[in-house]
Amino acid sequence: MPRPLIGITTSDRKSQLAWCFDWFAVWRQGGKPLRLSPSRALPDHLDGLIIGGGDDIQAHLYGGEVQLDVRLDPARDELELSLLNRFIPQNTPVLGICRGAQLINVHLGGTLDPDIYTTHEGLKRRRTVLPRKTVDIVGGSQLYQLLGVTWCRVNSLHHQAVNRAGKGIQIVARDRDGLVQGIESEDHDFLIGVQWHPEWLIFNRPQQRLISALVTAAKQSRERASA
């Protein structure tokens, strides 16, 4: 059987090194990665979709206050929202990573905390690709079943976070500061978002199980569609 086609959204200016981590994370689990960005032609079909990390989401999309000192990518916002609008109704497996988790929540009517460091006084600044933050996973959640752990150490590259959950969204992971780190949909078979970057944690088995689960779900989705 050919590898399932997994679209991975990025900005047009994403570094080649960062894309290599995206590509490798999916390829090693049996998927065929396809880079999606505003300047690239979209495929007619995807078996799975990853909404990747990147710039801040425009505040007007979730009714937030405009931040003047952040980098935005309106063309990417439009691309990813259109992809979610297209593929979620098809029950295509979707994984949101960092910004991607936030965008899934916004797409479903939720809101974001535009800057966790101004809204949470005394919050320690952590920005690292290394697993330095502890996250607790809700037992019985889909994320818990996929990771196979009740807590994990993750990296941290964000300054925004999910605030109010969108329609059908369950908050299933928080860090020890109480910030949302994982979400999932109760209305879809595989619609999960994590605030960290599992693709950078290449030697971390629970994180690689998350990527593997997406690829497996994509294979099953393709098989159902062709049956």
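Let's start with the lining of the largest pocket. By class, that lining holds 14 charged residues, ten polar and seven nonpolar. Keep in mind that this is a predicted model. The space in the largest pocket comes to about 820 Å³. Which residues lie closest to its centre? They are Gly54, Asp55, Arg71, Arg127 and Leu157, out of 31 that line the pocket.

Now the helices in that lining. α1, residues 16-27, and α3 each supply at least two residues. Which of the elements gives the most? That is α1, with three residues.

On to the sheet. Nine strands form it, and the sheet is open. Please follow the order on the model: β2-β1-β3-β4-β11-β10-β9-β6-β7. The pairing is mixed. At the edges sit β2, residues 32-36, and β7, residues 151-156. Each of these two pairs on one side only. How far are neighbouring strands turned against each other? On average by 25 degrees, direction ignored.

Take one pair from that sheet. Strand β1 covers residues 5-9, and strand β3 covers residues 48-51. These two run parallel, and four bridges join them. For a concrete example, look at isoleucine 6: its bridge partner in β3 is glycine 48.

Next, what packs on the sheet. Helix α2 does, and it touches β1, β2, β3 and β4, the last being residues 94-97. The direction of α2 makes about 150 degrees with that of β3. Helix α3 packs on the sheet as well. Its contacts are β3, β4, β9 (169-175), β10 (180-185) and β11 (191-194). Here the angle is taken with β4, and it is about 120 degrees. So β3 and β4 turn up in both lists: α2 touches them, and α3 touches them.

Last, the two helices against each other. Two packed helices are described by the angle between their axes and the distance between the axes. For α2, residues 74-87, and α3, residues 99-107, the angle is about 65 degrees. Their axes are 10 Å apart. Left-handed or right-handed? The crossing of α2 and α3 is right-handed.

Who makes the contact? From α2 we have Arg76, Asp77, Glu80, Leu81, Leu84 and Asn85. From α3 come Arg99, Leu103, Ile104 and His107. By class, this contact has four charged, four nonpolar and two polar residues.

To recap with α3: this helix supplies at least two residues to the pocket lining, packs on the sheet, and packs with α2.

Technical notes:
Residues numbered from 1 in each chain as written. Predicted model: local features only at pLDDT ≥ 70, side-chain atom pairs only at ≥ 80, totals over all residues. Heavy atoms only, no water. Axes fitted to C-alpha atoms, helices over the stretch in contact; angles between N-to-C directions. Left-handed = near helix turned anticlockwise from the far one by under 90°. Contact = heavy atoms within 4.5 Å. Nonpolar A, V, L, I, M, F, W, Y, C, P; charged D, E, K, R; others polar. Pairing = 2+ DSSP bridges. 1 Å grid on protein atoms, 1.4 Å probe; cavity = no way out; pocket = protein on both sides within 12 Å on 5 of 7 lines; lining within 4 Å. Points joined across faces, edges and corners; volume = space filled by probe spheres on them.
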